[in-house]
Amino acid sequence: MDPVPGEPRVIGRDPVGRQRHGDERDPPRARDTPTPPLSRLHKIDTSRLSGRVRPRLKPRGLPPALSPHPVWSTHDPSEARHEAAELLGPHRLVVDEPSAFAASYHAVRLRDVTLGFLDYSPAVRIEVEALPDPYLVLVASGSSLVQVGGAAAEATAVHAVLPPPGAAATITCGELTSHLVIRIEQQALLVHLGRVLGRQLDRPLDFDLAFDLTTPSATRWNFAIQMLHAELLESGSLLHRGVGAGQLEEFVMSSLLFAHRSTYSDALTRPGQGVEHRVTRLAKDYVDVHLSEPLTVAGIAAAAGVSARTLQSAFRSELDTTPMSYVRDRRLDRARADLADAAGDDAVNVTLIATRWGFGHLGRFAADYRARFGESPSRTLRG
C-alpha cells in the first residue's frame, strides 16, 4: 500500500537481505548514464552498487570536491536505510513525508579518513541500534539533534557532534538539513594517538559529544578539513599525484585529538607529559631513518649511545614495548601506506611490499598486519 502523503513512514531495522523494488517515478538508473569509476584515491566500495546510483538534483550544500563521487542516491526510504547502514550502522528510519523523500551519499576515502556528505529530505529521524567502529564527526547544514543515552547535542554549521562508536543513538534531522561526515577508522586513530603520546594506550579513547567549532583550539581542525577538501578538489594537487595522503590524514587525526576534548586531552596538553627520554628519542629517530635496512637491538643501542640492556629498559618503561616490537610496528605502518597507495596497481603484490620492509615470513606478516590494522594486507591492496 502506498504511504499516505504527510504521514510518517517507519522503515524496519534489518539492513540486509531485503528484496529491492524500483520506483516507477524514479529517473533512469545509472546503467543508462554510467558513472566514471573511482580512481585508486577514492577507495569507496561501490562494486555492490554498480548500475544503481541514480542521477538526481545536486544535494544542498554539497562540497564541490565530492560532487563527482556519488556512492548512492535514492527516493526509496527502505533503500536509503539499507545503504546508510554501512555508514551509520543498522537503524530505523522515520520519514515525515514519504512522497517527497530523497536521500544521497557522496564520499571520498583516502586510507583511514573519509570525507562524506549525507543528505536527506524532508525531515527524518534515524534511530541507530549501534554506531559502527569508526569515529564520525557530524557537521550539519541546518540543524539536527543527536541523542546518545541521556546526553544530547545539536549539530549545526558551527557545532559538530562526535558520538561514541558502538553506542545507540537517535539523530533527528530537521527539514533542509544535510551532514558533512568525517569518518576516521578507529584502529588508525588509536595507533596514531599512541605514536603522538609515545606510549601504549591505557584506557579507551572517548570524546565529548559536542564539538564547538568556534573555539580557538578548533581552528586547526577547521583548517585540516579545508585543506583536505582543497587537495581533493584540485586535480593537480599532490594528493592526486599519490603524494602526501598519509601525512594529510595524520594532520586531520592530530587536529581532532588536540582540538576536541577527550579522555586523553590532559595527557596530550599537560606540560612535561609525553616527553621522551633522550635515549628513546635517538633510538626511534635511528629506526625511522634505517627502517628498510637490517636492524638489531645492538645496532640501535649503539646509535643511541647506550647498552642493549639500557635500551630495552627505556623502551619498556616509556613505550611499554621492546625495540624490535617497535621496529615491527613501524615497518607494518610503512607497509600499509605502500599497500594503500598501490591499490589497484597490478604490478604490485603483498609479497613485494612485505619483502621491501623486511618481512621474510609472509604468513607471520599477514597475521601481525591483521592484528594491528583489523584487515588483511590483500584487502588493503584491493582498496
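**Warm-up**

Is Arg-328 buried, partly exposed or exposed? Arg-328 is partly exposed, at a relative accessible area of 33%. The scale behind that word is this: buried means under 20% relative accessible area, exposed means over 50%, and partly exposed lies in between (1.4 Å probe, protein chains only).

Before you go on, two notes on the model. It is predicted, so local features need pLDDT of at least 70 and side-chain atom pairs count only at pLDDT 80 or more, while totals for chains, interfaces and linings use all residues. Residues are numbered from 1 along each chain as its sequence is written, and side-chain values use heavy atoms, with hydrogens and water left out.

**Exercise 1. Get an overview of the chain.**

Step 1. Start with the elements: the chain has twelve helices and 13 strands. Helices (H or I, at least four residues) and strands (E, at least two) are DSSP runs, numbered from the N terminus.

Step 2. Turn to burial: 49% of the 383 residues count as buried.

Step 3. Look at contacts, meaning heavy atoms within 4.5 Å. Among those with a separation of 6 or more, 74% join residues 24 or more positions apart.

**Exercise 2. Find the two sides of helix α7 and what packs on it.**

Step 1. List the buried residues of α7 (residues 297-304): Val-297, Ile-300, Ala-301 and Ala-304. They sit on the same side of α7 because they cover an arc of only 100° around the axis; the arc is taken from the directions from the helix axis to the C-beta atoms.

Step 2. Turn the helix over. The face away from the buried side carries the exposed residues Ala-298 and Ala-302.

Step 3. Find the cover. The buried residues of α7 are covered by elements including α6 (278-289), α8 (308-319) and α9 (323-341).

Step 4. Describe one of these packings. Two packed helices are described by the angle between their axes and the distance between the axes. For α7 and α8 the angle is about 90° and the axes are 8 Å apart. Axes are lines fitted to C-alpha atoms, for helices over the stretch in contact, and angles run from 0 to 180 degrees between N-to-C directions. The two helices α7 and α8 are therefore roughly perpendicular, a label for angles of 65 to 115 degrees (under 35 is roughly parallel, over 145 roughly antiparallel, the rest oblique).

Step 5. Name the residues that meet: Val-297, Ile-300 and Ala-301 from α7, and Ala-308, Leu-311 and Gln-312 from α8.

Step 6. Look just past the end of α7, where Gly-305 has a positive phi of about 75°.

**Exercise 3. Trace the salt bridges around helix α9.**

Step 1. Fix the term: a salt bridge is a side-chain nitrogen of Lys or Arg within 4 Å of a carboxyl oxygen of Asp or Glu. The structure holds 15 of them.

Step 2. Take Arg-336 and Asp-112, whose closest N and O atoms are 2.5 Å apart. This pair links distant parts of the chain, with Arg-336 in α9 and Asp-112 in the loop between β4 (102-109) and β5 (113-121), 224 residues apart. Arg-336 is buried at 10% relative accessible area, and Asp-112 is buried at 6%.

Step 3. Move to Arg-356 and Asp-338, which form a salt bridge at 2.8 Å, N to O. Arg-356 lies in helix α10 (residues 350-356) and Asp-338 in α9, so the pair ties together parts 18 residues apart in sequence.

Step 4. Return to Arg-328, which bridges to Asp-329 at 3.2 Å between the closest N and O atoms. Asp-329 counts as buried, at 16%. Both belong to a salt-bridge network that also links Arg-195, Glu-250, Asp-288, Arg-330, Asp-333 and Arg-372.

**Exercise 4. Map the largest nonpolar core.**

Step 1. Define it: a nonpolar core is a set of buried Ala, Val, Leu, Ile, Met, Phe, Trp, Tyr and Cys residues joined through side-chain atoms within 4.5 Å.

Step 2. Find its centre of contacts. The largest core has 41 residues, and Ile-182, Leu-189, Phe-211, Trp-221 and Leu-256 have the most contacts inside it.

Step 3. Ask which element gives the most to this core. The answer is α4, with seven residues.

Step 4. Zoom in on Leu-189. Leaving aside neighbours within four places in sequence, Leu-189 contacts Tyr-135, Ile-184, Leu-205, Phe-207, Met-253, Leu-256 and Leu-257.
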